[in-house]
Amino acid sequence: MRIYLDEDGDVAIDYDDKRFVEFGAFLKLDVNYSMVRCLDALQMVADVDSGISAVEVYDGEVHRAEFRREGVLVTHKFLPERTAQVPFDVAVRALEQFWTVIESKPVSPNRTRVYRPDLPLVESELHLWESTWHRPHPYRGRLGIPTGGEAV
C-alpha cells in the first residue's frame with residue numbers, strides 16, 4: 001500500500017494487493033483525517049506488538065478492526081461480506097504512513113482550534129490523547145510525534 005496526498009489534498013491509497021482494499025477503506029472512513037483516531041490505532045498496534053495486549057479492537061463507525069500479531073481482520077459493519085485479512089506488519093506500515101500523511105496535510109487557515117490552541121497541532125492532539133488515556137503515547141519520539149512536551 002502507498003498512502004499519499006493527491007493533487008487536491010485528499011488522502012489517496014494505491015494498492016499493490018487488492019486484498020487490502022477494505023483496510024484502506026477503514027483508514028479513510030474510520031480513522032479519517034483525525035490525528036487522535038490515528039493515535040488510537042497506533043497505540044493499539046504498539047500494544048499488540050509489545051505484548052501488552054494480545055488483541056486490540058478498533059470499533060469505528062463503518063468498520064471493526066481486530067489487531068493481533070497474527071494479522072488484522074477488518075470487517076465492514078453493514079456489509080459483512082466485505083472483509084480484509086492484513087498481515088500485522090503491513091497494517092503497521094500503512095498506519096504509520098497514514099499518520100505521516102495526515103500530519104503533513106496543511107491546516108486550513110479558517111480552522112478554529114478549541115483544544116489547546118496554544119500548542120502546535122500535533123502536540124495539541126497528542127496532549128488530548130494522553131489526557132484522555134492517562135498514559136504517554138507509545139509512539140512518542142517516532143513519526144514526528146514529539147518526545148518531550150506535556151506528557152500526562
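The questions and answers below go through helices, strands and single residues of a predicted model.

Local features need pLDDT of at least 70, side-chain atom pairs count only at pLDDT 80 or more, and totals for chains, interfaces and linings use all residues. Residues are numbered from 1 along each chain as its sequence is written, and side-chain values use heavy atoms, with hydrogens and water left out.

Q: In what order do the four strands stand in the open sheet?
A: Helices (H or I, at least four residues) and strands (E, at least two) are DSSP runs, numbered from the N terminus. Two strands pair if DSSP finds at least two bridges between them. The pairing here is antiparallel, and the order is E3-E4-E5-E6.

Q: Which strands stand at the edges of the sheet?
A: An edge strand here has a single partner strand, so one side is left without a neighbour in the sheet. The twist averages 10° from one strand to the next. The edge strands are E3 and E6 (83-86).

Q: How many residues lie between E3 and E4 in their hairpin?
A: E3 (residues 55-59) and E4 (residues 63-68) pair in the antiparallel sense over five bridges. Glu 56 stands opposite Phe 67, and Tyr 58 has Ala 65 as its bridge partner. The number of residues between the two strands of the hairpin is three.

Q: Which residues of E3 point to the buried face?
A: Buried means under 20% relative accessible area, exposed over 50%, and partly exposed in between (1.4 Å probe, protein chains only). Side chains alternate along E3. Val 55, Val 57 and Asp 59 point to one face and are not buried. Those on the other face, which are buried, are Glu 56 and Tyr 58.

Q: At about what angle does H1 run to E4?
A: Axes are lines fitted to C-alpha atoms, for helices over the stretch in contact, and angles run from 0 to 180 degrees between N-to-C directions. H1 lies across E3, E4, E5 (71-76) and E6. Its angle to E4 is about 115°.

Q: At about what angle does H2 run to E3?
A: H2 covers residues 35-50. This helix lies across E3 and E4. Its angle to E3 is about 165°.

Q: How many residues of H1 are buried?
A: H1 spans residues 21-31 and is mostly covered. The buried residues include Glu 22, Phe 23, Ala 25 and Asp 30. Of the 11 residues, the number buried is eight.

Q: Which residues does Gly 24 touch, not counting those up to four places away in sequence?
A: Gly 24 sits in helix H1. Its relative accessibility is 0%, so Gly 24 counts as buried. Contact means heavy atoms within 4.5 Å. The residues touched are Met 1, Ile 13 and Tyr 15.

Q: At roughly what angle do the axes of H1 and H3 cross?
A: The contact is made by Phe 23, Leu 27, Lys 28 and Val 31 of H1 and Ala 91, Ala 94, Leu 95 and Phe 98 of H3. By class, that gives seven nonpolar, no polar and one charged residues. Ala, Val, Leu, Ile, Met, Phe, Trp, Tyr, Cys and Pro count as nonpolar, Asp, Glu, Lys and Arg as charged, and the others, Gly among them, as polar. The axes come within 11 Å and cross at roughly 35°.

Q: Is H2 parallel or oblique to H4?
A: The axes of H2 and H4 (residues 121-133) come within 9 Å and cross at roughly 55°. Angles under 35 degrees count as roughly parallel, over 145 as roughly antiparallel, 65 to 115 as roughly perpendicular and the rest as oblique. H2 is therefore oblique.

Q: Which residues of H2 meet H4?
A: On the H4 side, the contact includes Leu 121, Trp 129 and Trp 133. By class, the whole contact has nine nonpolar, one polar and two charged residues. On the H2 side, the residues are Met 35, Val 36, Leu 39, Asp 40 and Gln 43.

Q: What is the relative accessible area of Asn 32?
A: Asn 32 lies in the loop between H1 and H2. Its phi is positive, about 60°, although Asn 32 is not a glycine. Most residues other than glycine have a negative phi. Asn 32 is partly exposed, and its relative accessible area is 30%.

Q: What value is phi of Arg 116 near?
A: Arg 116 is found in the loop between H3 (88-104) and H4. At 21% relative accessibility, Arg 116 counts as partly exposed. Its phi is positive, in a residue other than glycine, and is near 45°.
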